[in-house]
Amino acid sequence: MGLAPSSYELLLNFFQAKSWRLGEVMLQWMQWCQQSFDLVYVQERLVCIGDGIKVPKEAKRQPGLKWMHHSSQNNNKPNRFIGQHFGCIAFVAFCVKSISGDITSGSIT
């Protein structure tokens with residue numbers, strides 16, 4: 001991120017703060033994007049793009065890890081593994097701006 005090394009401890013405190021909630025920050029970000037960009041609508045519905053990836057991890061005590069199912073045509077890969085799911089969603093506009101990046105297990109937060 002290009003921060004001074006002394007800033008990283010403050011950044012960790014931000015993510016552990018009780019003074020804000022992710023849902024409220026995301027709502028404010030979406031409202032700002034709707035006011036700032038010419039977003040694409042189809043039949044009065046906002047067009048968004050989403051993508052995600054499941055990443056296997058070997059550590060067992062890392063935050064956000066859980067058992068996941070992997071449906072693959074390759075028999076060399078195990079069906080179940082411990083890992084994280086990373087997902088993102090973006091509005092479609094003349095330029096694309098990310099609104100969320102989150103470690104999730106498929107549930108909407």
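**Exercise 1. Classify the exposure of Trp 29 and Trp 32.**

Solution. Trp 29 has 30% relative accessibility, so Trp 29 counts as partly exposed. The scale has three classes: buried is under 20% relative accessible area, exposed is over 50%, and partly exposed lies in between (1.4 Å probe, protein chains only). Trp 32 has a relative accessible area of 41% and is partly exposed.

The model is predicted: local features need pLDDT of at least 70, side-chain atom pairs count only at pLDDT 80 or more, and totals for chains, interfaces and linings use all residues. Residues are numbered from 1 along each chain as its sequence is written, and side-chain values use heavy atoms, with hydrogens and water left out.

**Exercise 2. Find the aromatic pairs and assign their geometry.**

Solution. Start with the criteria. Rings of Phe, Tyr and Trp (its six-membered ring) pair if their centres lie within 6.5 Å; planes under 30 degrees apart are stacked, over 60 edge-to-face, and the rest tilted.

Next, count. The structure holds two aromatic pairs. In one, the ring centres of Trp 29 and Trp 32 lie 4.9 Å apart and the planes meet at 20 degrees, so this pair is stacked.

Place that pair on the chain. Trp 29 and Trp 32 are three residues apart in helix 2 (residues 22–36), so about one helical turn separates them. Trp 32 also pairs with Phe 37, edge-to-face, at 5.7 Å centre to centre and 85 degrees between the planes.

Join the results. Trp 29, Trp 32 and Phe 37 form one aromatic cluster.

**Exercise 3. Lay out the elements and the pairing of strand 5.**

Solution. Count the elements. The protein chain has two helices and six strands. Helices (H or I, at least four residues) and strands (E, at least two) are DSSP runs, numbered from the N terminus. From that end, the order is α-α-β-β-β-β-β-β.

Now take strand 5 (residues 80–91). Strand 3 (residues 48–56) pairs with strand 5 in the antiparallel sense over nine bridges. Pairing requires at least two bridges found by DSSP. Cys 48 has Phe 91 of strand 5 as its bridge partner.

Turn to strand 4 (residues 66–69). Strand 4 and strand 5 are also antiparallel, over four bridges. His 69 has Arg 80 of strand 5 as its bridge partner.

**Exercise 4. Summarise burial and contacts for the chain.**

Solution. Of the 109 residues in the protein chain, 17% count as buried. For contacts (heavy atoms within 4.5 Å), consider those with a separation of 6 or more. Residues 24 or more positions apart account for 48% of these.
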